[in-house]
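I opened a new notebook page for this model. My plan is to look things up one at a time and write down what I find.

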Amino acid sequence: MKLAKKAYDENEIPISAIIFCPKKNKIISKAHNTCKSKSDPLGHAEIIAIRKASKKVKNYRFDDMYLFTTLEPCLMCTAIILNAKFKRVYFFIEDKKNGALVNNQKLIYDKKIFTKPKIYYGFKETEYSKLLKKFFLNKR
């Protein structure tokens, strides 16, 4: 939530991501959205966290790691998450419109291409929903 609030304070959509290695009991990387501030459409929290982690662990596969993110990942991030082979993915709330890990998954899943990670969600729903709604209400 701290990273999501930081994104909010920076006028970014309040989304954050953390990559955690359970074997080392250690956070490998963390990030929040920077699309607006960096003028980068790839500035999604998940992508930034994955890039940082890849450099740190010198690998592009994360089959022994967990990804935590505040909002269900979009189609672009979902494709990268699946390609990176995360063991587990956790997120606070579903994004019924733009989410692709649980919602709209028919757009991406093909059993022959991707192995679906274990997915857990529904954490801090009320707290995060309030922050997200507040952000978009201020935009309108």
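Which residue forms a salt bridge with Glu 127? I looked it up in the model, which is a predicted one. The partner is Lys 5, and the closest N and O atoms are 3.7 Å apart.

**Entry: the Glu 127 pair**

I checked where the two partners sit. Glu 127 belongs to helix α5, residues 125–139, and Lys 5 to helix α1, so their salt bridge ties together parts that lie 122 residues apart in sequence. I then looked at exposure. Glu 127 has a relative accessible area of 35%, so I noted it as partly exposed. Lys 5 comes out at 39%, which makes it partly exposed as well. I wrote down one general point beside this entry. Side chains of opposite charge can pair when their charged atoms come close.

**Entry: other salt bridges**

How many salt bridges does the structure hold? I found four. I followed up Lys 124, whose side chain meets that of Glu 127 in a salt bridge at 3.8 Å, N to O. Lys 124 is partly exposed, with 46% relative accessible area. Through shared partners, salt bridges join Lys 5, Lys 124 and Glu 127 into one network.

I also noted Glu 94 and Lys 96. Their side chains form a salt bridge, with 3.6 Å from N to O. Glu 94 is partly exposed at 29% relative accessible area. Lys 96 reaches 59% and counts as exposed. The cut-off I needed here is that exposed means over 50%.

**Entry: the positive patch**

Which residues gather in a patch of positive charge on the surface? I listed Lys 2, Lys 6, Lys 30 and Lys 52. I took Lys 6 as my example. Lys 6 sits in helix α1, which covers residues 2–9. Its relative accessibility is 42%, so I entered Lys 6 as partly exposed.

**Entry: the whole chain**

I stepped back to the full chain. I counted five helices and five strands. Along the sequence, they follow the pattern α-β-β-α-α-β-α-β-β-α. The radius of gyration is 14 Å, close to the 14 Å that the globule rule gives for 140 residues, so the chain is as compact as a globular protein of that length. I noted the box too. Taken along the principal axes, the C-alpha atoms fill roughly 40 × 30 × 30 Å. Of the 140 residues, 43% count as buried.

**Entry: positive phi angles**

I looked up two residues for their backbone angles. Asn 11 is not a glycine, yet it has a positive phi of about 65 degrees. I placed Asn 11 in the loop between α1 and β1, the latter spanning 16–21. With 34% relative accessible area, Asn 11 is partly exposed.

Ser 39 was my next stop. Ser 39 is not a glycine either, and its phi is positive at about 50 degrees. Where does Ser 39 lie? I found it in the loop between α2 (35–38) and α3 (45–57). Is Ser 39 buried or exposed? Its relative accessible area is 66%, so I marked Ser 39 as exposed.

**Entry: sequence against space**

I finished with two pairs of residues. Ser 37 lies in helix α2. Ser 37 is partly exposed, at 47% relative accessible area. Ser 37 and Glu 10 are 27 residues apart in sequence, and I read 7.9 Å between their C-alpha atoms.

Then I took Leu 132, which I found in helix α5. What is the distance in space between Leu 132 and Pro 117? C-alpha to C-alpha, I read 26 Å, with their positions 15 residues apart in sequence. Leu 132 has a relative accessible area of 12%. Buried means under 20%, so Leu 132 is buried.

How values were computed
Residues are numbered from 1 along each chain as its sequence is written. This is a predicted model: local features need pLDDT of at least 70, side-chain atom pairs count only at pLDDT 80 or more; totals for chains, interfaces and linings use all residues. Side-chain values use heavy atoms; hydrogens and water are left out. Patches are made of residues with over 30% relative accessible area and no salt bridge: like charges are joined within 9 Å, nonpolar side chains (Val, Leu, Ile, Met, Phe, Trp, Tyr) within 5 Å. Accessible areas come from the Shrake-Rupley method with a 1.4 Å probe; for residues, only the protein chains shown count as cover. Lys and Arg count as positive and Asp and Glu as negative; His and the chain ends are not counted. The place of a charge is taken as NZ of Lys, CZ of Arg, CG of Asp or CD of Glu. Helices (H or I, at least four residues) and strands (E, at least two) are DSSP runs, numbered from the N terminus. Buried means under 20% relative accessible area, exposed over 50%, partly exposed in between (1.4 Å probe, protein chains only). The radius of gyration is taken over C-alpha atoms; the globule rule is 2.2 Å times the number of residues to the power 0.38.
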